[in-house]
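Biologist: I should like to learn how to read burial, charge pairing and strand order in a model of this kind. May we work through one example together, feature by feature?

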Amino acid sequence: MELNKTALVTIDLQRGILTGHHFQPHAGDKTLKASNDIAEALKNTAALIALVNVNPSTIGYLRPFEGGRQGLKRFPDDYSQLLMTIANDETSHNVIKVTKHNPGAFFGTDLDLQLRRRGIDTIILTGVVTSNGIYATALDAFQYGYKVIVVEDACTDRDPQLHEIFFDKLLPKIALVSSEELILEEIKEAY
């Protein structure tokens with residue numbers, strides 16, 4: 001792994017998604033911890049850390065009508081607040097934040113531009129949920145020509161069967177499936 005060509009991309013590790021939902025097969029706090037551990041290992045290295053959140057007011061499936069009324073569902077002001085430790089770490093110089101408006105982190109954002117201008121060709125992907133934001137981002141990254149590494153125990157879903165299907169059948173077609181332990185070892189060796 002060449003750190004100067006690598007980016008950690010975390011998906012939707014934000015208050016409104018992680019709080020109050022039951023995730024499987026990995027708990028939300030475990031997924032957040034694994035992502036935090038990887039980010040900490042990459043902090044102030046030549047790698048990039050891209051923290052992606054979603055704005056619920058601009059994504060259709062997150063804005064259902066309440067009880068048939070015409071008013072849109074309201075979300076708490078802190079819904080999009082990133083929970084990654086490094087999100088508010090002013091000592092880190094290699095972090096960018098991207099707000100997405102679709103399931104995938106590439107469509108409608110400047111993520112691809114941010115990665116390409118830095119010479120990134122490899123993406124380490126973590127976050128929630130496997131069957132939506134993770135897969136959509138991995139597929140887009142693959143189609144844009146990035147080498148994609150998805151960290152299974154740093155991802156989770158609300159449906160453990162979907163998580164398993166995506167990691168067993170779909171993600172291996174477009175990405176390398178790895179674990180937190182293996183990624184941390186690779187980062188250590190890259191120093």
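Biologist: Let us begin with charge. Which side chain of opposite charge is nearest to D153, and how far away is it?

Modeller: One point first: this is a predicted model. As a general idea, side chains of opposite charge can pair when their charged atoms come close. For D153 the nearest side chain of opposite charge is K30, at 4.1 Å. A salt bridge requires a nitrogen-to-oxygen distance within 4 Å, so D153 has no salt bridge. D153 is nevertheless buried.

Biologist: Where does D153 lie, and what is it in contact with beyond its neighbours within four places in sequence?

Modeller: D153 lies in strand β5. Leaving those neighbours aside, its contacts are H26, K30, A34, S179 and E180.

Biologist: How many salt bridges does the structure contain, and which residue pairs with D78?

Modeller: The count comes to five salt bridges. In one of them, D78 meets R15, with 3.4 Å from N to O. This pair links distant parts of the chain: D78 is in the loop between β2 and β3 (95-100), R15 is in helix α1, and 63 residues separate them. D78 has a relative accessible area of 35% and is partly exposed; R15, at 29%, is also classed as partly exposed.

Biologist: Which residue forms a salt bridge with D37, and how are the two placed in helix α2?

Modeller: The partner of D37 is K33, and their closest N and O atoms are 2.8 Å apart. Because D37 and K33 are four residues apart in helix α2, about one helical turn separates them. D37 counts as partly exposed, at 25% relative accessibility.

Biologist: What is the arrangement of D112 and R116 in helix α3?

Modeller: Both lie in helix α3 (residues 111-117), four residues apart, which is about one turn of the helix. Their side chains meet in a salt bridge of 2.8 Å, N to O. Here the accessibility of each partner should be read separately: D112 is buried at 17%, whereas R116 is partly exposed at 44%.

Biologist: Let us turn to the strands. How many residues of β4 are buried, and which of them point one way and which the other?

Modeller: To read a strand, one considers both of its faces. Seven of the seven residues of β4 (122-128) are buried. T122, I124, T126 and V128 point one way, while I123, L125 and G127 point the other way, and all are buried.

Biologist: Which strands pair with β4, and over how many bridges?

Modeller: Strand β1 (residues 6-11) runs parallel to β4 and is joined to it by six bridges. A7 has I123 as its bridge partner in β4, and T10 has T126. Strand β5 (residues 147-156) also pairs with β4 in the parallel sense, over six bridges; there, V150 is the bridge partner of L125. Between β4 and β5 the chain passes through helix α4 (residues 130-143), and this β-α-β crossover is right-handed.

Biologist: What can be said of β1 with regard to burial and its pairing with β2?

Modeller: Six of the six residues of β1 are buried. T6, L8 and T10 point one way from the strand and A7, V9 and I11 the other. β1 pairs with β2 in the parallel sense over five bridges, and the partner of A7 in β2 is L48.

Biologist: How many residues are in the largest nonpolar core, and which have the most contacts inside it?

Modeller: The largest nonpolar core has 30 residues, and L42 and M84 have the most contacts inside it. Its largest share, six residues, comes from α2. Not counting residues up to four places away in sequence, L42 touches L3, L8, A47, I49, N94, I187 and Y191. Another core, of 27 residues, lies apart from the largest one; I96, L125, V150 and A175 are among its members.

Biologist: Is A39 buried or exposed, and what does it touch?

Modeller: A39, which is found in helix α2, is buried, with a relative accessible area of 1%. Its contacts, leaving aside neighbours within four places in sequence, are L8, I49, M84 and I86.

How values were computed. Residues are numbered from 1 along each chain as its sequence is written. This is a predicted model: local features need pLDDT of at least 70, side-chain atom pairs count only at pLDDT 80 or more; totals for chains, interfaces and linings use all residues. Side-chain values use heavy atoms; hydrogens and water are left out. Buried means under 20% relative accessible area, exposed over 50%, partly exposed in between (1.4 Å probe, protein chains only). Two strands pair if DSSP finds at least two bridges between them. A crossover is right-handed if, with the strands pointing away from the viewer, the path from the first strand over the helix to the second runs clockwise. A nonpolar core is a set of buried Ala, Val, Leu, Ile, Met, Phe, Trp, Tyr and Cys residues joined through side-chain atoms within 4.5 Å. Contact means heavy atoms within 4.5 Å. Lys and Arg count as positive and Asp and Glu as negative; His and the chain ends are not counted.
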